[in-house]
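Student: Shall we go through this one together? Put the fold up on screen and I'll ask as we go.

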Amino acid sequence: MQKAILFDLDQTLLDRNTSLIKFVEWQVNFFQLVSQENKQAFITRFIELDDNGSVWKDVVYSQLLEDFNIKTFNVESLLGSYINDFNKFCRPFEKVPETIQKLYNKGYKLGLISNGKSPFQENNFYALGLKEFFSTIIVSEAIGLRKPDIQIFEHACKELGFIPNECIFVGDNLKADIEGANKAGMKTIFFHPDPSINSSLADEKIHHYDQLETAINTLENFIL
């Protein structure tokens with residue numbers, strides 16, 4: 001029986017933390033925002049203000065300009081660079097491309113559900129080179145629904161031609177991804193690259209994409 005696997009984007013397929021650091025390093029150098037001696041402090045403060053992507057960057061840049069007394073650039077110009085250039089630094093976690101292609105070749109229907117702005121998140125996903133394997137790509141702003149609302153999960157499953165209890169969701173956020181997908185009736189796999197971080201809420205947990213197929217095979221035995 002063909003089945004569907006849906007994924008979150010940030011910190012699930014996309015190694016956002018590493019990608020963001022690479023982008024900020026580039027932006028500091030390209031715009032010469034601060035002196036070299038203040039470069040690391042700027043990057044650290046950016047990551048802190050970003051709060052794992054929960055704070056939109058107009059707020060982040062506004063605070064950074066104030067903290068580092070930057071007068072040569074405004075929020076709009078730096079935000080514009082973030083929107084246009086961040087995708088150039090987007091990288092997947094190790095073994096994501098190979099694993100996704102293998103699942104696709106085995107006949108799984110694949111989908112993406114990401115909270116965030118559109119088309120910003122779509123462009124970040126496209127940068128990973130996985131678009132051809134995915135049958136549906138859903139970004140919250142584009143459809144007016146956000147995880148953990150069960151409606152966004154139900155919508156994605158319907159797009160793939162399945163009902164929720166025939167689908168598995170892979171994500172890193174316990175509230176938005178795991179709890180939301182569970183409430184929608186899906187099986188869940190919690191992903192985190194740090195083996196010390198686990199979740200009792202998820203049906204399965206993985207710390208590397210080498211483990212994903214095994215987790216999927218285990219859950220398939222429980223899917224109706």
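Tutor: First, a yardstick: angles under 35 degrees count as roughly parallel, over 145 as roughly antiparallel, 65 to 115 as roughly perpendicular and the rest as oblique. Angles run from 0 to 180 degrees between N-to-C directions, with axes fitted to C-alpha atoms, for helices over the stretch in contact. Helices (H or I, at least four residues) and strands (E, at least two) are DSSP runs numbered from the N terminus. This is a predicted model, where local features need pLDDT of at least 70, side-chain atom pairs count only at pLDDT 80 or more, and totals for chains, interfaces and linings use all residues. Residues are numbered from 1 along each chain as its sequence is written, and side-chain values use heavy atoms, leaving out hydrogens and water.

Student: How are helix 3 and helix 4 oriented to each other?

Tutor: Helix 3 (residues 57-67) packs on helix 4 (residues 75-85) at about 130°, their axes 9 Å apart. By that yardstick, the two helices are therefore oblique.

Student: Which residues of helix 4 meet helix 3?

Tutor: Contact means heavy atoms within 4.5 Å. Helix 3 brings Lys 57, Asp 58, Tyr 61, Ser 62 and Leu 65, and they meet helix 4 at Val 75, Leu 78, Leu 79 and Tyr 82.

Student: Now the sheet: which strands stand at the edges?

Tutor: Strands pair if DSSP finds at least two bridges between them. The open sheet has six strands in the order 3-2-1-4-5-6, with parallel pairing. Each edge strand has a single partner, so one side is left without a neighbour in the sheet: these are strand 3 (136-139) and strand 6 (204-206).
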